[in-house]
Structures are given as C-alpha cells and as structure tokens.
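Q: Could you take me through how one reads the contact between two chains, and then the setting of a single residue?

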Amino acid sequence: MDRPRHARSLILGVAVALFMTACGGTGAEQGGETAAPEATGATGTESAAAADSEAGGEGEADVEELLAEGTLSGYDALPFTDILPMEEGPIEVEGETPDLVIGFSQTCFNHPWRVAMLESVQAEVERHPNVDVVTLDGNCDIVKQTNDVDDLLARGVDAIVMSPVESDGLVPAANRAVAAGVPLVVLDRDVFTDKSLFIGQSNVTMAYGVAQEMVEALDGEGMIVEITGLVGSSPAIDRSKGLAMALEEAPGIEMLTTGDGEWIREPAVALMDDWLVRYPEIDAVFSHAEESSWGAQLAISRAGRCEDGILHFTHDGSAAGFTSVSEGQFQADGNYSPFIGDIGVRAALMLLQGQEIPDAEPYDQPGQYLQLPDLPPVTPENAEEWMPRGWGDFDPPADPCA
Amino acid sequence: MTDTAAERTDAVPTGTASTGGGSGEFLRKWGVLVALILLLVVSATMSDRFLSLPNLLNVLRQIAIVGVLAIGMTFVIITAGIDLSAGSVLAVAAVVTADMVNSNGPLAAVLVAVLVGAGLGLVNGLGVTLGGVQPFIMTLGMLAFARGLAFLYTGGQPIPTTDETFLAIGNGRLFGIPNPALIFLALLVAAYFVLRHTTFGRAVYAVGSNDEAARLSGISVRRVRTTVYVISGATAGIAGLLYASQLGVGTPIAGEAFELDAIAATVVGGTSLFGGQGTVFGTFLGAAILGVLSNILNLTGVNPFVQRLFRGALIVAAVMLQRKDARGR
C-alpha cells in the first residue's frame, strides 16, 4: 500500500470542513480542490455550473489523480492493441496535423473497472502529440451524463467517445452529437440510436466460455449454483444467457438455484450461507462477479465446507481475480476487459481522418458495430501471463480455505 | 418483555400512546412478536433445515449489520427524525477503518470507525438543530456527501485488509455465537438500558412526543436531537467496522440502501415515524423478521425477482398489523 495516507486524512478533514462552512473549494490546499467537485459530483443533482467546472481544470486533475493509481504497465499491456492498430505519432487529417480534442464521457468514476477504461483512453492519447482528451464523470446518472455530452459539444470537441449509463436514456444526447456532425463512438454499453460506431464485448459468449470451463472441470456431471450480477442489469442477463447455453449442451449438470449477488460481496455471503444449509452437496459455483465470489468463498469456509472441494467459476477480469485464480480459489475467471478505451480513441481518430473502420458491420441497431473477440477465460494455466493485464490496483482477499 | 409494555406507557409523557384495550391493545404491543413467531413456524414447515442451529446463527449474523444501523435509527426515529445517511456513513467508516487497520493496526481502526461515524452524525445533528434543516433533507445531503467522501478517500478502489485480529472481529465466534451477532445483541442491551433507564432516554421519547412540552419541562431539545444523530452515526460506524471486518474489504459502495433496510426494521419493529414511540426490542424483532424472510426465501429457492415482492409486502403488512390494532377497535 503506497497511498499517501496523510493527504487522504487531510482530504477527509478538509471536505468535512468545506461541507460545514459551505464554502467553495478554492483554497490553496490541493486536497480541498479535489474534494469539492467529487463530493458534489456524487449527489447526482448537479447544476450545469458544477458540471462546467468539472469539465474545466479541476475535473481533469481528478482524472490524473485517478490514473496515478492505475496499474497499467504500458501500452503493450493493453489486450486489444491489435484491433484497429495505429502507429505512434501525430495524427494527420487532410495533410495537416491539427490539434484534436476527444471528449470522453464515462459512466462514472466510482468503480475501478471504469477507472481502468480511462487508463486505456489515456494510454492511446499519449501516443499522439496533437491529440488531447477531456474526460467527464457521468456519476452513474443519465441526467448528468446527458449534460456532460452537451458540455463536450459546447466545448467544440472534435469527437466524442462515451460509455453510457444506460442504453435508452442517453439517446437524446447521442442524437445531438450526431446532429452536430461529431463522430460518436460508444463503448461497452450501446446507445440505441444512430452513432458512428459501437464497440463491445459479448457477455453472452464470454460467460459461455467460462461455463464450458466449468462443464469440462466437472466432467459434465454435477450440481451448481449461480450467483448473478444485479438482477435486471444487462451484463447479468447476458452472463446468465451464456451459462444457459452451455448447460443446454451439458444435460448432466443440474442448476440447483440462482440468486442475486448484486455484483458485490456482501449479498453473496448470505446467499451462500443459506444455500450451504439447504444443499448438502454443491459441486460448483458459477458467479457473475469476482466480488460475489470472494463473498461466497467466505461463506463456504465459515460453514466448514472447504473440504467439499466446491469449484468456483467467476467473471470480471481484475488483476486480483487473476491472482485468486493462480492461487486456486477460482478455477476460471471471465476476462471482461475494461481496456477498450484505446480502441474507442483509435476509432474516433480514424473517423476524423475519414477512414472506414475495418470489421465494423451493420447490426440490429442503428449505426455500426465492432464486436471484439472474447479474451480467453483466465485459468490456472494462463493466470501468470494475465495477472499484469487485469484491471484494478487492489489485492484479493486471502483464500479463506487455505 | 413486560418491560417493553411498561416502557410504552411510562416513557411517553404526553400520552400519545393508544389508550385502546382488549385484544387490540394486546396485538398492538405484541403484534411484531406474533408476526415473527408466525414467520418462524411457517419457515420451519417449509424447510426442515430452517431450525438447525447453524442456520439460525447464520440469520443472526446476517441481520447484525443492518440491525446495528437500526439501533441508531430507532433513537433518531423516536425523536420523529430520520437518518437517510446511515448506509453512506457506513461506507465511510468501512473504507477508513480498512485503511487504518493496514497502517495503524486493529485497535486504532475500531476507534476510528466509531469516531468517523459519530463525527458525521454530529454534522447531521448540528445541521438539524443549529442549521434548522429538516432531518430528511439534512441526512439526504449527508447520504450523497458521505458517499462522495468514501469514493474520494479510496479513489473508487476497494481497500482490502488481511489483518487477522481485525478479521476475527467479523468472522470469529465466542461461545459458538458469531461475533457480529454478539456485538449486535450487546448494543441492543446497551440501547435498551439507555432508552429505558436514563434521563436521556426519557428525554428522547419526550422530544419525539412533543418537543415544545419537552422544552418547557427543562429538556435541552437541541442537545437531545443532536445526540441521537451522533448515536446513529456511531452505530453506522460500528456497522461499517463489522462490514469491513466480515468481508475483509472496505469498499466505497458498501452499504448502499442499507438505511432503507434499517428504517424498515425499525418501523416493522413498531417505532412510529411520527416519534415518541418505539423500543429497540421491537427493532430487533423487525430486523429478525426481515432476516428470517430473506433466509427462508433462499432456503426454499424462491426466484430473486419474487423475493423483492415478498419483502415489500411483508414490510407493509407488518406495519398494518400494528396500525390496525393501534386504533383500539
């Protein structure tokens, strides 16, 4: 842990002081400056003025601070540099090298997966001296992100790359970008309207790949439980779909039950507690998220069921998850990489250059779709190789069964 | 348990308690307990594993975090206030305590969790009393603000901890009972004592029943109001500590919407949102009802979509049961 602890305590203190005295964060203290926009940002009820200030210097300072904690060990560590490959150096548009600004509107900064996506954006931008990026935090709020896109347009950015909070809610903002003639590249979660390009991975086929690892490890026979991501969220729906596809081909595997792990650790503990009481035999856990998996492992150990040898298959692709795979806590980890921001930047630059995007195809929504190939599930065999390429700068919990 | 009945009448100085009698009065007082017993009986018939000791201990541990939040919430709601920030304060405490245990060891972490929670609670309390902001709005502001602090403090990353002493707080057992459950029960006893047997406790009820009358009878209404938010903050701090030590991680998204579960437990337990009425024993029953429900739905494999329906319906039904009888028929 190399966090500047004193600075952090200071931030906390300064932020509380700011709140109590209700004055602006204009102090010379660096902590104060960063405290104000983030804290207001989290209310989700921001005024346009606050959004503007975030688009200014303070917001960018935030991004730098976030990225300073990143783990990306260099451009070559990015998993998708072979998709729309691009030479390092200035970007030429019609024989000139104009200053280009790309606006990046992120869902929110509140999850390391999202922060990692910012890292990959930054990594690509840094390779091109005449390209700059403005990054905004959508606060997981449709209204905020809509304002962000409008602010980017008002600033006159050359292209917008966004990862929307919600597919439907961002349609009007996306339409305004398209109407303004600004290339719009959408990452990870689609916007159901005309855009230049949607770039995404498939949670269905990725989960199918992980489920196949499970079927193989169980020799096609066994009883499993499923811990989903937040019920109703599209990645959870898709990961369940992938599992169902694999189970259709594996009649020997019985799915005992399914429950909502909400992507996080705490609900999974209670689910697994209860299932271990209910089922004398569970052969494997299929979980949509590493966090939930760590919670379930805790419940397994507390119930004294470590010797049962319950296998564990999960998703997310964090560096910590890969570590848990290499230590044997998980048998496979679906590698849903956040490091796709660089592809978005390259696509935006290519569009600005007037190039066609190779492999982008029309699909059942307006615009074009570039489907990324699935990265291989991370298993004990390839965990070492992938550990430096997972997202997030945190350690996994120790194996409670070790 | 007869004490709770006594408390309702002698701790509510302005007579807002129902004056109804007969079976209505009985159900008003004991409705929550009856509901819990019914639920236990139904659960036992639905799953033969339900009544096993490991399962019951699981339930007790599962309700501990929200239960601890609900204890503080009970104080606040008795004064006719509300604390919407409890889940966010939990998150701040969880991330700070996880960070602190890594740098300064478990004892410091425990103290800091409680202090951070109490400190944010103090801000709530002062905002309500000196700032004149309505509790709903003050704590709604803190809900967002404290969550922002948690994100800011961590940069959005979870802070894991592997300190064994610290993890033992959340995962160890004493006499076979999980520590979080013991801490929850100990806090219940302490809160019961404070509400039932101290001048402060009586003042809490008095302020909630009629703060003007309380003021005229010499109670410092502001101090009492401020203190209940500090208590709620402190219990949120303890809950954050339990969260981090059970899960081995302080994450800024910890405890989202837990305040709503705590409010549900408190209200199901018979505490009135209008103030002046309520007991922590009721809150324990309320938390137990919600915990048992969730447990039996998992044990019987009810679809997660449907689980939410049950939960919502049960909250309303449990409160209606008491309300109907409060009319005294």
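**Reading the interface and one residue**

A: Chain A and chain B bury about 4300 Å² between them, with 63% of that area on carbon and sulfur atoms. Please keep in mind throughout that this is a predicted model.

Q: Why is an area quoted here, and how many residues does the contact take from chain A and from chain B?

A: The size of an interface is often given as the accessible area lost when the parts come together. In this case the contact takes 48 residues from chain A and 48 residues from chain B.

Q: Which polar features should I look for, and how many salt bridges are counted between chain A and chain B?

A: The count of salt bridges between the two chains is 2, and the side chains of A:Asp273 and B:Arg61 meet in a salt bridge at 3.2 Å, N to O. There are also 14 residue pairs in polar contact between chain A and chain B, both residues being at pLDDT 80 or more.

Q: Which element gives the most to the side of chain A that touches chain B?

A: Helix 10 of chain A gives the most, with 10 residues, and the residues of that side of chain A divide into 25 nonpolar, 8 polar and 15 charged.

Q: Turning to a single residue, is B:Thr283 buried or exposed?

A: The general step is to compare relative accessibility with a cut-off, buried meaning under 20%. B:Thr283 has a relative accessibility of 1%, and therefore counts as buried. B:Thr283 lies in helix 14 of chain B, residues 280–299, and, leaving aside neighbours within four places in sequence, its contacts include B:Ala70, B:Ile71 and B:Gly269.

Definitions and conventions
Residues numbered from 1 in each chain as written. Chains lettered and ligands numbered in written order. Predicted model: local features only at pLDDT ≥ 70, side-chain atom pairs only at ≥ 80, totals over all residues. Heavy atoms only, no water. Helix = DSSP H or I, 4+ residues; strand = E, 2+ residues; numbered from the N terminus. Buried < 20%, exposed > 50% of the residue type's maximum accessible area, 1.4 Å probe, protein only. Contact = heavy atoms within 4.5 Å. Buried area = accessible area lost by both parts, 1.4 Å probe. Salt bridge = Lys/Arg side-chain N within 4 Å of Asp/Glu carboxyl O. Polar contact = N/O pair within 3.5 Å; in protein donor to acceptor, adjacent residues only side chain to side chain. Nonpolar A, V, L, I, M, F, W, Y, C, P; charged D, E, K, R; others polar.
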